[in-house]
There are 2 protein chains.
Amino acid sequence: MSTIQVITKDVAPLVSADAVEALRPEAEKALSMLHDGSGAGNDFLGWVKLPCETPQSLLDDINATARSLRENCEVVVAIGIGGSYLGAKAVIEALGNSFAPYLNSGTPVLFAGQNIGEDYLYELIEYLQGKKFGIIVISKSGTTTEPAIAFRMLKELLEKQLGKAEASKRIVAITDAHRGALRQLATEEGYKTFVIADNVGGRFSVLTPVGLLPIAVAGYDIEQLIDGARLMQLEVANPSRDNIAMTYAMTRNALYRAGKKIEILVNYNPKLHYVAEWWKQLYGESEGKDHKGIFPAAVDNSTDLHSMGQWIQDGERSIFETVISVNSTVHALEIPYDDANLDGLNYIAAKRVDQVNKMAELGTRIAHVDGGVPNILITVPTINEHFLGELLYFFEAACGISGYMLGVNPFNQPGVEDYKRNMFALLAKPGYEKETEAINARLK
Amino acid sequence: MSTIQVITKDVAPLVSADAVEALRPEAEKALSMLHDGSGAGNDFLGWVKLPCETPQSLLDDINATARSLRENCEVVVAIGIGGSYLGAKAVIEALGNSFAPYLNSGTPVLFAGQNIGEDYLYELIEYLQGKKFGIIVISKSGTTTEPAIAFRMLKELLEKQLGKAEASKRIVAITDAHRGALRQLATEEGYKTFVIADNVGGRFSVLTPVGLLPIAVAGYDIEQLIDGARLMQLEVANPSRDNIAMTYAMTRNALYRAGKKIEILVNYNPKLHYVAEWWKQLYGESEGKDHKGIFPAAVDNSTDLHSMGQWIQDGERSIFETVISVNSTVHALEIPYDDANLDGLNYIAAKRVDQVNKMAELGTRIAHVDGGVPNILITVPTINEHFLGELLYFFEAACGISGYMLGVNPFNQPGVEDYKRNMFALLAKPGYEKETEAINARLK
């Protein structure tokens, strides 16, 4: 049995256990749609069985490629946006030392192509001057604007430093199996490549090479990550009463229908900040459509108890919280005794810092529930590759179920095209002549 | 005249210019309450005239102290939470190199006491072993749990490394003028100190030594920061039609009353991420009370166009956006021409990266407004100390006005006490015996 637990008693009294239970038939139907492919977006269900279907040979290939990059590069830049950025970033930040960039150890993985910041790119290129660096470029088409700009510039820099032939050995492309600009370039230049499957969308791609290669380069155990995901895949595949993905999906839909429009994902460990960012994409992009969907937000506590805490305690009663509680820290640190005790902390001397953190967490959950904020609690034994694998797959499965329960296609993102179309029109991209004319007329 | 502009035409058609204008009398009244002290929380209005009242001698003292810390320390740890963390963090991140931690230059300012992460503190202490480090400890009372734990541990480490006398020269305390544990300790140990005024709350303290000293240690020009704030103070002191703080406060209240419950602060420059975090505390803690208040959220674009973008475009129509648009970047970078042009980017070759970014921004604003998301646009000439000073004071002034228009006391935070009371009860803090008994009975 999975070691992750989902505890929902604190959504009462707003939503009773019976009210949650009443949604079980819907959740069962949604789960079956994920497995029999009878729902909307059924051409993007590759993630459902992906962990158990991932061959060892693929993991070996990724690990060998990562090793080669680590041996040949001082730093590796992963170029990608959206799901081609957030999954790897989430796992690497969760597992890394809080002060990793200051430690000058290992092979840092930097990110590019996740924004169009001119200063960001300028400073990245400045930093890479004279450094042995490698590139992982992640794009299904090879033409997405943000990563394409970054890749064009970093490829040029690398080729200037090493020549075209040598540069090609330090570039890995993760792209479509057959089509697209990046596949063509990779073939021409002889890049090592991995495939983005047609049936796995970006926000569900963390457990494919898209996420796994940067994570492996950063030095983490992708076999353990996949093992954890496999365990969870098996655990939430069937409509049992213990299916925690169904429990989470049912509970959050019950809360939404009862008027709770904002879900705040809460952590008490700053390393989980980007797991929350990944979760925001997963749920926001899957559910935010047809003028529906829970608004996903996140806080890092106890930091944000001194920021958003006041609003959460006393603002509009339109929110619920989902707390990720990590049972055990990696390191151990005791609060020292102090003779003078001016700060009055001796009552917690000899306690572990995390014991205090846990009481902040429990005290906050009680205060927020008392204040009218329903609470879902997700417990995770500790932060390592295995449990992250469980957690990521759990959130993916619950998202698929939840989106179908909401009555949307959880696997498309039509709204993302709207800004792109305007941007291309404004930039007078070939093929957008009509749109350019229209938008210019409008702006006059 | 200030160089920051606030453009509100795109809140129509939901909210007409007349509807915004109808709130002018309320905004005028709120502004006068800030200046005559006739409103709730009037013992916390020190920030209103603070920039113009900041003596040069204080800035000189802060700069001299910062210089001494820089000369004597490889790294300085700023210990504080809430407003004693976010203001300095926001300015330092906005002005710093995107890859600063990798550059091994200057005196990095690290932060502690803004969480109770055992692994975070453990890794910080591990990193500081054998390093020449200094401490800026920021706490009005000296007994706030998070910073008090961090300070107790780092002080012990520093004293072990250097002895008590030498350690005292590398510790600066920013605290109450007369009272409290930290003031007493500073007097006993002979720390250099700066004062937290009684009439300036934490979230309004970035332009006091609380924010200024860490910013100066990081190498930035606090005189320019204060100069910008002074300009803005004078600009928004009077109820003229050009008062942009009134404009912003009126517009967001009109949107809130029209049913827009979530405000998303949007940037297109990742360096502004923590300015948004600072803004979330400022507005969330000031307005989120009495079951009222706009829910503050933030996105970093174009990164988050591939995450929250779908929700914003097509989710529930309960949101509006406030975009911070930075006119000019600091560096210049052109997109190169590429003969093969497989990625199809040659149509933007020779353009500055920021030109593309600006079209992403404009294209997104148009798409979101078309999709039913009203838009407020705040333009800033560039990111430097001066304009940050203007921007920070602008947001403070608008927050005071907006909070009074909402009908709350914008200067208290009663809800923050609730989790603390429970935490102290759970930790059996002396003086909380009754609460401990009650909470234990409840948890049985």
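Guide: Relative accessible area is read in three classes, where buried means under 20%, exposed over 50%, and partly exposed in between, using a 1.4 Å probe and protein chains only. This is a predicted model, in which local features need pLDDT of at least 70 and side-chain atom pairs count only at pLDDT 80 or more, while totals for chains, interfaces and linings use all residues. Residues are numbered from 1 along each chain as its sequence is written, chains are lettered from A and ligands numbered from 1 in the order in which they are written, and side-chain values use heavy atoms, with hydrogens and water left out.

Visitor: Which residue does Glu159(A) meet in a salt bridge?

Guide: Side chains of opposite charge can pair when their charged atoms come close. The term salt bridge is used for a side-chain nitrogen of Lys or Arg within 4 Å of a carboxyl oxygen of Asp or Glu. Here Glu159(A) meets Lys164(A), at 3.6 Å from N to O; Glu159(A) counts as buried at 18% relative accessibility, whereas Lys164(A), at 46%, counts as partly exposed.

Visitor: How many salt bridges are there between chain B and chain A?

Guide: The count between these two chains is ten, and the structure holds 54 over all chains. One bridge between the chains joins Lys261(B) to Glu316(A), with the closest N and O atoms 3.0 Å apart.

Visitor: How many residues of chain B are in contact with chain A?

Guide: Contact requires heavy atoms within 4.5 Å, and by that rule 131 residues of chain B touch 131 residues of chain A.
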